[in-house]
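Please walk me through this model in the viewer, one selection at a time. For each stop, tell me what to select and what is there.

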Number of protein chains: 2
Amino acid sequence: MTEKAPITPSLPTVRRLPTYLRLLKELQDENQQYVSSTYIADRFQLEPIQVRKDLAAMGIVGQPRLGFVVADLIAAIMQFLGWNNTTKAFLIGAGNLGSALIGYSGFAGYGLNIIAAFDVDNSKIGTRIHNIEVFPLEKLPDLAVRLHIHLGILTLPAAAAQATADMLVQTSITAIWNFTPVKLILPAGVIVEKVDLAASLAVLSCSLKEKFLLNMSGEAENG
Amino acid sequence: MTEKAPITPSLPTVRRLPTYLRLLKELQDENQQYVSSTYIADRFQLEPIQVRKDLAAMGIVGQPRLGFVVADLIAAIMQFLGWNNTTKAFLIGAGNLGSALIGYSGFAGYGLNIIAAFDVDNSKIGTRIHNIEVFPLEKLPDLAVRLHIHLGILTLPAAAAQATADMLVQTSITAIWNFTPVKLILPAGVIVEKVDLAASLAVLSCSLKEKFLLNMSGEAENG
DNA sequence: TAGATTGTTAATCGATTAACAATC
DNA sequence: TAGATTGTTAATCGATTAACAATC
């Protein structure tokens with residue numbers, strides 16, 4: 001029992017990991033064996049100490065003077081995120097956004113595999129989108145249980161989001177990647193991760209407004 | 001000069017505003033005149049005090065016992081986010097995701113108006129996606145300046161992201177909504193807001209892994 | 001009035017940053 | 001060795017939460 005207590009990385013730390021991973025894979029392609037926190041921080045305009053803390057949170061140890069072994073870092077992050085193993089997912093709502101996600105080839109690198117899509121639109125049911133079949137929504141519960149699906153990707157109209165999510169969590173699905181603008185209310189224990197375009201756009205809008213106001217006041221002063 | 005100093009809301013606050021706005025519009029449709037921070041908090045599993053702080057940060061004042069006037073809240077948030085005014089944007093990369101964003105009708109409610117798309121793919125150039133024309137990328141600088149476009153939406157392959165962003169900021173574009181997985185490095189003053197799918201998926205993956213491990217240990221104990 | 005809700009002021013919490021000894 | 005980089009410990013910063021008087 002001399003092992004260190006495994007510190008669970010904070011949410012901000014987890015969110016930075018994919019960015020590190022991306023760079024590390026680049027470095028590996030360039031046959032770089034070592035990388036320092038200084039270098040990583042430089043590339044992303046972060047503080048070296050923050051990078052070290054992030055890596056330390058996953059239990060990775062570096063070598064003074066040399067830094068970290070690139071291959072080890074990649075392995076540790078992949079392991080930590082579970083991106084070595086494939087996670088099967090159902091996508092619900094085969095509209096514009098849903099189709100785009102089905103067609104996104106990058107998910108393979110994250111271990112995410114969308115194996116079927118579902119919709120209520122008869123014109124979509126039975127078709128294939130990027131070679132993924134679209135099933136009627138009624139078939140989801142049965143298929144989810146039989147195929148041991150735990151993750152649902154929600155890309156349907158806001159109006160249907162909550163009701164559909166309620167249905168999903170009655171099946172084997174216990175985690176939802178929510179691309180709708182709806183804040184889902186679900187039983188405790190259900191994981192919901194929201195991709196919040198409106199929140200992102202709000203930040204952007206604020207920044208733009210602020211910048212605009214600054215420019216205005218600047219011009220006023222100059223005039 | 002007895003006016004209160006206008007406190008700029010924090011980033012987390014700004015990110016919560018669209019969620020409030022959504023609920024407030026619902027309440028308005030139901031002809032609710034007042035709403036309390038308690039009610040809003042309840043609906044989103046937040047603390048009432050946090051809601052009050054968020055609203056206070058925008059300079060909104062409520063009425064003890066009654067709460068806040070729904071219409072006033074909506075107006076204040078819309079005003080604060082600048083979503084009353086239309087922001088014109090160019091979209092660069094008319095692939096799956098780009099097309100999905102062009103087709104997303106919800107942006108109108110955020111004052112966002114995608115007026116043209118750009119691509120380097122000859123098979124896309126000249127076509128229309130949801131009635132938006134796709135132009136060759138070379139035409140962007142001239143058009144951006146002439147149409148006074150300040151916002152670019154980046155939905156192209158990662159490999160082209162940085163170079164294209166570098167080009168964009170040479171035009172009238174000073175803000176980028178970045179949907180690529182690349183962390184863009186751009187001159188100071190340029191606004192970049194990233195929609196980070198990888199980060200979001202990382203959080204989801206972690207939660208799933210944690211839950212899985214908990215279940216495993218639970219089963220072990222029970223066995 | 002009584003009581004629900006607001007806004008203010010202070011306390012807590014957690015993430016980031018700083019300082020620096022330890023290491024190879 | 002000298003020096004770059006690590007990991008630890010402490011300080012700072014900012015957001016959230018708590019407590020409570022003010023208000024209608």
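Select A:Asp196 first, in the loop between strand E9 (191-194) and helix H8 (197-222) of chain A. The model is predicted. A:Asp196 has a relative accessible area of 18%, and because the cut-off for buried is under 20%, A:Asp196 counts as buried. Show the residues around it: leaving out those up to four places away in sequence, A:Asp196 touches B:Arg15 and B:Thr19.

Stay in chain A and select A:Asn131, in the loop between strand E5 (128-129) and strand E6 (132-136). Its backbone is the thing to inspect, since phi of A:Asn131 is near 70°, a positive value in a residue other than glycine. Is A:Asn131 buried or exposed? At 59% relative accessibility, A:Asn131 is exposed.

Next, go to A:Gln45, in the loop between H2 and H3 of chain A. A:Gln45 is not a glycine, yet its phi is positive, about 55°. With a relative accessible area of 55%, A:Gln45 is exposed.

Now display the two helices on either side of that loop, H2 (residues 37-44) and H3 (residues 48-57) of chain A. Two packed helices are described by the angle between their axes and the distance between the axes. Here the axes come within 8 Å and cross at roughly 115°. H2(A) and H3(A) are therefore roughly perpendicular to each other, and their crossing is right-handed. To see the contact, select A:Ser37, A:Thr38, A:Ile40 and A:Ala41 on H2(A), then A:Pro48, A:Val51 and A:Arg52 on H3(A). Coloured by class, this contact shows four nonpolar residues, two polar ones and one charged one.

Move to chain B and select helix H2 (residues 37-44). Which residues of this helix are buried? They are B:Ser37, B:Ile40, B:Ala41 and B:Phe44. Look down the axis of H2(B): the buried residues fall within an arc of 100°, so they line one face of the helix. To find what covers them, add elements of chain B including helix H1 (11-29), strand E1 (34-35), helix H3 (48-57) and strand E2 (68-69).

Pick out B:Ser37 from helix H2 of chain B. B:Ser37 is buried, with a relative accessible area of 5%. Setting aside neighbours within four places in sequence, B:Ser37 is in contact with B:Pro48, B:Val51, B:Arg52 and B:Phe68. At the other end of the selection, just after H2(B), look at B:Gln45, which takes a positive phi of about 55°.

For the last stop, hide H2(B) and keep H1(B) and H3(B), whose axes come within 10 Å and cross at roughly 100°. H1(B) and H3(B) are therefore roughly perpendicular to each other. On H1(B), the contact is made by B:Thr13, B:Arg16 and B:Tyr20. On H3(B), select B:Gln50, B:Val51, B:Asp54, B:Leu55 and B:Ala57. By class, the contact of H1(B) with H3(B) has four nonpolar, two polar and two charged residues. B:Val51 of H3(B), part of this contact, is also one of the residues in contact with B:Ser37.

How values were computed:
Residues are numbered from 1 along each chain as its sequence is written. Chains are lettered from A and ligands numbered from 1 in the order in which they are written. This is a predicted model: local features need pLDDT of at least 70, side-chain atom pairs count only at pLDDT 80 or more; totals for chains, interfaces and linings use all residues. Side-chain values use heavy atoms; hydrogens and water are left out. Buried means under 20% relative accessible area, exposed over 50%, partly exposed in between (1.4 Å probe, protein chains only). Helices (H or I, at least four residues) and strands (E, at least two) are DSSP runs, numbered from the N terminus. The arc is that of the directions from the helix axis to the C-beta atoms. Contact means heavy atoms within 4.5 Å. Axes are lines fitted to C-alpha atoms, for helices over the stretch in contact, and angles run from 0 to 180 degrees between N-to-C directions. Angles under 35 degrees count as roughly parallel, over 145 as roughly antiparallel, 65 to 115 as roughly perpendicular and the rest as oblique. A crossing is left-handed if the near helix is turned anticlockwise from the far one by less than a right angle, and right-handed if clockwise. Ala, Val, Leu, Ile, Met, Phe, Trp, Tyr, Cys and Pro count as nonpolar, Asp, Glu, Lys and Arg as charged, and the others, Gly among them, as polar.
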